[in-house]
Amino acid sequence: MTTATATYPSSGHLLATLRELFGTWFSARTPIPARPLTRFEEAEQLRAMANDLLSSDPAFAQDLYAAADRHELA
């Protein structure tokens, strides 16, 4: 009479497989750090804010436009 024995993967192989599965899953969810903005891009964001405020507070919008120009040229 022969007895059948179940074969299980070694614990090292199982842990390596789980580490690979979870490592891939977690690495896919890791956010990629954003690159720093250039002075031009920062100034353009400030100008966009000024555009939004132009109708409600034109004096402040003009100050923002001037600040954007100074920042871009600095």
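**Close-ups of a salt-bridge network**

**View 1. Glu44 pairs up with Arg47.** In this predicted model, Glu44 makes a salt bridge with Arg47, and their closest N and O atoms sit 2.9 Å apart. Both partners belong to helix α2, with their positions 3 residues apart, or about one turn of the helix. What lets two side chains like these team up? Side chains of opposite charge can pair when their charged atoms come close. Glu44 is partly exposed, at a relative accessible area of 35%.

**View 2. Arg47 reaches over to Asp69.** Here Arg47 forms a salt bridge with Asp69, and the closest N and O atoms are 2.7 Å apart. This pair joins distant parts of the chain: Arg47 is in helix α2, while Asp69 is in helix α3 (residues 58–73), 22 residues away. Is Asp69 buried, partly exposed or exposed? With a relative accessible area of 40%, Asp69 counts as partly exposed.

**View 3. Arg47 also holds on to Glu72.** Arg47 has a salt bridge with Glu72 too, with 2.6 Å between the closest N and O atoms. Arg47 lies in helix α2 and Glu72 in helix α3, so this pair ties together parts that are 25 residues apart in sequence. Glu72 is partly exposed, and its relative accessible area is 26%.

**View 4. Put the pieces together and you get a network.** Glu44, Arg47, Asp69 and Glu72 are linked by salt bridges into a network. How accessible is Arg47 itself? Arg47 has a relative accessible area of 15%, and it is called buried because that value is under 20%. How many salt bridges turn up in the whole structure? A search of the whole structure finds 4.

**View 5. How confident is the predictor here?** Across the protein, the average pLDDT is 83, and 76% of the residues score at least 70. Which elements mark the two ends of the range of mean pLDDT? Helix α2 (residues 39–53) has the highest mean, 96, and helix α1 (residues 11–28) the lowest, 73. As for the network, Glu44 and Arg47 both sit in helix α2.

How values were computed
Residues are numbered from 1 along each chain as its sequence is written. This is a predicted model: local features need pLDDT of at least 70, side-chain atom pairs count only at pLDDT 80 or more; totals for chains, interfaces and linings use all residues. Side-chain values use heavy atoms; hydrogens and water are left out. pLDDT is the predictor's confidence in each residue, from 0 to 100. Helices (H or I, at least four residues) and strands (E, at least two) are DSSP runs, numbered from the N terminus. A salt bridge is a side-chain nitrogen of Lys or Arg within 4 Å of a carboxyl oxygen of Asp or Glu. Buried means under 20% relative accessible area, exposed over 50%, partly exposed in between (1.4 Å probe, protein chains only).
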